[in-house]
Amino acid sequence: MSAPTDPTFYRTPAEAIAAPPERLAYVAAYDPAGKAKDAMAVIDTDAASSTYGKVVGWSELPTAGNELHHFGWNACSSALCHQGHNGHGQPLERRYLIVPGLRSSRTYVLDTKPDPRSPRVVREIEAEELAAKAGYSRPHTLHCGPGGIFMSALGGANGNDGPGGVALLDHDTFDVVGAWEHDRGEQFLAYDVWWHLDYDTIITSEWATPSMVEQGLDPEDLLGRKFGHHLNFWSMSDRTLTQRVDLGDQHQMVLELRPAHDPAKAWGFVGVVISVEDLSGSIFRWHQDGDRWAARKVITIPAEPADPDLLPPALKPFGAVPPLVSDIDLSVDDRWLYVSCWGTGELKQYDVSDPHNPKETGSVRLGGIVGRQAHPSAPDRPLGGGPQMVEVSRDGRRVYVTNSLYAVWDDIFYPDGVGAWLAKLDTDTDTGGLTADPGFFPNGDDFGGLRVHQTRLQAGDASSDSYCHTR
């Protein structure tokens, strides 16, 4: 008899949208000073609960100084596309959170099944194992996928700046299997990794080497156009680089990849943090062009003029606030794109029904370098930071945003501090629109003095899954 299938593995995007809503959110929390132990916070997202919007669980890691950043589930809907992932006789479940430390290169595995409100650490992947078996350090992004768990990494082993790339973890034991790539060609910088399963294609993006980011932002690196500005396309089956698409070296820091959820569609969006020509942020759309891949800018978000006296030292010479596009997320129905402008403190919503021509349909401001827009739950309290990491519920009706980017970069753009907050926005999924929920705003001491970065939702979210079927 075959093992039962996890009910949170959805064959199609439509099934994911129709499934019951999330009741918990998991939020990575870290101490920027590296003294207090990092933690996983658990938030009640059930609107009918008496503890709605509150921290209801707190799982402390055994160490400090990890700078928890992005993390992901051990298994997800892509498991339905591939054979052989049966957990050594046990059913493969969306059960474990794989949580890398971007600073420490340690990775922790947290089991959420015994008590979803109290995940417990069951495995530590040492930095030495990642280095010895895969040749990487500074693990960054997790995606459960074909053949194992994909974990992108910014740096090389033994103190080397690179090349960065993708490590593969065993689905069942979480052991590091090795580097995913067989032939990387000219690729050197790394950041995110995603794919089009039905098109035998992996896509990777580019940020920087560890030495370019870990001590802060060197303006000479930015003005010298040394950050990543390519999309890299790979053969999934051969593990070889097949094409690099240059977005233009003025477009610095090519970060979050969001492919269409419909497996029949071979396109997606990627966010670019900043243009060195005018401080704008942008969104590019990649797509197939015959037997090659191409990318075109479809959204430009301009910088906003500002009084230099209100700007941090790094921005005073420019007299403007760049949007600093730090994250994007695409709803599961592929209709709504959300773009976080961490510098201006704005979350933008676009209707991408026609992905060639996105239309802005909603916006909410929270925080911001100059605006410091308050949350409706505390209208007299200016906020630090801005919408940064974005997570969208499977049904597209709720959007969660956290406010910390990266500790040393937080301090450059928000020298007075970012604090810590998680906001929930309600969406209009018919005609568009965003509204901040005044009853959902864990912040400050709720997180024990730690900063917060990424959010994952129980039973999956818009940036967790790849789907196998269209209907």
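1. A cavity here is a set of grid points where a 1.4 Å probe fits but cannot get out. The structure is a predicted model, and by this rule it holds 6 cavities of 30 Å³ or more, of which the largest has a volume of about 170 Å³.

2. The lining of the largest cavity is made up of 17 residues, and those that lie nearest its centre are Trp195, Pro259, Ala260, His261 and Ser466. Strand 12 (193–196) and strand 16 (251–259) each supply at least two residues of this lining. Divided by class, the lining of the largest cavity contains 9 nonpolar, 4 polar and 4 charged residues.

3. The second largest cavity encloses about 60 Å³ of space, and its lining consists of His70, Thr141, His143, Asp192, Glu256, Arg258, Gln454, Arg456 and Ser463. At least two of the lining residues come from each of strand 8 (136–145), strand 16 and strand 30 (451–457). No nonpolar residue takes part in the lining of the second largest cavity, which divides into 5 polar and 4 charged residues.

4. Strand 12, which contributes to the lining of the largest cavity, also belongs to an open sheet of 4 strands, arranged in the order 12-13-14-15 with antiparallel pairing. Strand 12 and strand 15 stand at the edges of this sheet and have a single partner strand each, so one side of each is left without a neighbour in the sheet. On average, and with direction ignored, neighbouring strands of the sheet are turned by 25° against each other.

5. Within that sheet, strand 14 (residues 230–235) deserves a separate look. Strand 14 is mostly covered, with 6 of its 6 residues buried; His230, Asn232 and Trp234 point one way from the strand, while Leu231, Phe233 and Ser235 point the other way. Strand 14 pairs in the antiparallel sense with strand 13 (residues 201–204) over 4 bridges, and also in the antiparallel sense with strand 15 (residues 240–246) over 6 bridges. Ser235 takes part on both sides, being the bridge partner of Thr201 and standing opposite Thr240 in strand 15. The hairpin of strand 14 and strand 15 has 4 residues between the strands, and there Arg239 takes a positive phi near 60°.

6. How many disulfides does a search of the whole structure find? The search finds 2, and with the bonded cysteines counted along the chain they follow the pattern 1-3, 2-4. One of them joins Cys76 and Cys144, whose sulfur atoms are 1.9 Å apart, and this link is right-handed, with 125° about the S-S bond. The pair links distant parts of the chain, since Cys76 lies in the loop between strand 4 (72–73) and strand 5 (96–100) and Cys144 lies in strand 8, 68 residues apart. Cys76 is buried, at a relative accessible area of 1%, and Cys144 is buried as well, at 4%.

7. Cys81 and Cys468 form another disulfide, with their sulfur atoms 1.7 Å apart. The torsion about the S-S bond of Cys81 and Cys468 is about -100°, so this disulfide is left-handed. Here, too, distant parts of the chain are linked: Cys81 is in the loop between strand 4 and strand 5, and Cys468 is in the segment after strand 30, 387 residues apart. Cys81 has a relative accessible area of 29% and is therefore partly exposed, whereas Cys468, with a relative accessible area of 11%, is buried.

Key. Residues are numbered from 1 along each chain as its sequence is written. This is a predicted model: local features need pLDDT of at least 70, side-chain atom pairs count only at pLDDT 80 or more; totals for chains, interfaces and linings use all residues. Side-chain values use heavy atoms; hydrogens and water are left out. Buried means under 20% relative accessible area, exposed over 50%, partly exposed in between (1.4 Å probe, protein chains only). Two strands pair if DSSP finds at least two bridges between them. On a 1 Å grid over the protein atoms alone, a cavity is a set of points where a 1.4 Å probe fits but cannot get out, and a pocket is an open set with protein on both sides within 12 Å along at least five of seven lines; lining residues have an atom within 4 Å of a point. Grid points are joined across faces, edges and corners, and a volume is the space filled by probe spheres set on the points. Ala, Val, Leu, Ile, Met, Phe, Trp, Tyr, Cys and Pro count as nonpolar, Asp, Glu, Lys and Arg as charged, and the others, Gly among them, as polar. Axes are lines fitted to C-alpha atoms, for helices over the stretch in contact, and angles run from 0 to 180 degrees between N-to-C directions. A disulfide is a pair of cysteine sulfur atoms within 2.5 Å.
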